[in-house]
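Work through the exercises below with the model open. Try each task before reading its solution.

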Amino acid sequence: MEPIRILVCEGKYTWIGLSKAILEAHLASKNIIADITYCNDYEQIFNNIEIAILDLDLGKSFVDGVAYVNKLREKNPYTALILITCQDGYIPELENIRIVGFLDRPFYRDEVKFTLDKAVKEVNKYRVWNANEKVITFQEDRVMISEKNIISIVKLREKNKLEVITEEKPIQVHGVIEELERKLSDYFVRLNRSVIVNLSNMYYIVKNTARMKNRLEYKISILNQKRVNDAYEEYNARKLV
């Protein structure tokens, strides 16, 4: 498998040495190959980073750390971020950025391992999502949508009318939901008579409700509950890390 690309940016060499030892030993114990870059300043913005462990107090001020996170995220929008900071876990300046976890000094080995495992899961989830290159066509190939960009497909009340919900906007198309279900890849599962969802954009299942990206929620019919849960577990078991 392709190595995970990790950036560790800390200011004090003693701490770099400690986190380096914990990080590399834990990855080795999981048989995960990684390409790790270590740095101790904010001078360079790296590309193609999958996990970034960043010290927010590295610059002359806390503001410098926040600015670096934003710049790094611009070039690496899917990076799993772990922040080293004495803040309490809520940073208003970064409220629109998803952060995997926070670490504070002194480092506790179990806490570092737990947070790193969460980041690795995020990387795997992104790789699985990104591996789906299938394109679905509608209306005699006049409308083409990449499967990975679809969150859900909803049957509308109007006959043979569907709404394809993507991250950008909903798109209404003509089609029959049963026929579409047969065309879609195994990244998708039918929740009920009217809704099909993309498993890669499903956050979790609570009882009979699927909670999706963009704060969408859909009910799972009693008839489909076992099939949906099995499909979700199988999807989460896919490994590309």
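**Exercise 1.** Find how strand 4 and strand 5 pair, and over how many bridges.

*Solution.* Strand 4 covers residues 80-84. Strand 5 covers residues 99-103. The two pair in the parallel sense over 4 bridges. One pair to check: Ile82 has Gly101 in strand 5 as its bridge partner. Strands here are DSSP runs of E with at least two residues, helices are runs of H or I with at least four, and both are numbered from the N terminus. Two strands pair if DSSP finds at least two bridges between them.

This is a predicted model: local features need pLDDT of at least 70, side-chain atom pairs count only at pLDDT 80 or more, and totals for chains, interfaces and linings use all residues. Residues are numbered from 1 along each chain as its sequence is written, and side-chain values use heavy atoms, with hydrogens and water left out.

**Exercise 2.** Give the strand order of the open sheet of 5 strands, then place a helix on it.

*Solution.* The order is 2-1-3-4-5, with parallel pairing. Strand 2 (34-39) and strand 5 are the edges, each pairing on one side only. Neighbouring strands are turned by 15° against each other on average, direction ignored. Now add helix 3 (residues 109-131). Helix 3 lies across strand 1 (4-9), strand 3 (51-55), strand 4 and strand 5. Its angle to strand 5 is about 165°. Contact means heavy atoms within 4.5 Å. Axes are lines fitted to C-alpha atoms, for helices over the stretch in contact, and angles run from 0 to 180 degrees between N-to-C directions.

**Exercise 3.** Which strands pair with strand 12, and is Ile196 buried or exposed?

*Solution.* Strand 8 (residues 150-155) pairs with strand 12 in the antiparallel sense over 3 bridges. There, Ile153 is matched with Ile196. Strand 11 (residues 188-190) also pairs with strand 12 in the antiparallel sense, over 3 bridges. Phe188 stands opposite Asn198. A hairpin of 4 residues links strand 11 to strand 12. Then take the faces of strand 12 (residues 195-198). Val195 and Val197 are buried on one side, Ile196 and Asn198 on the other. Buried means under 20% relative accessible area, exposed over 50%, partly exposed in between (1.4 Å probe, protein chains only).
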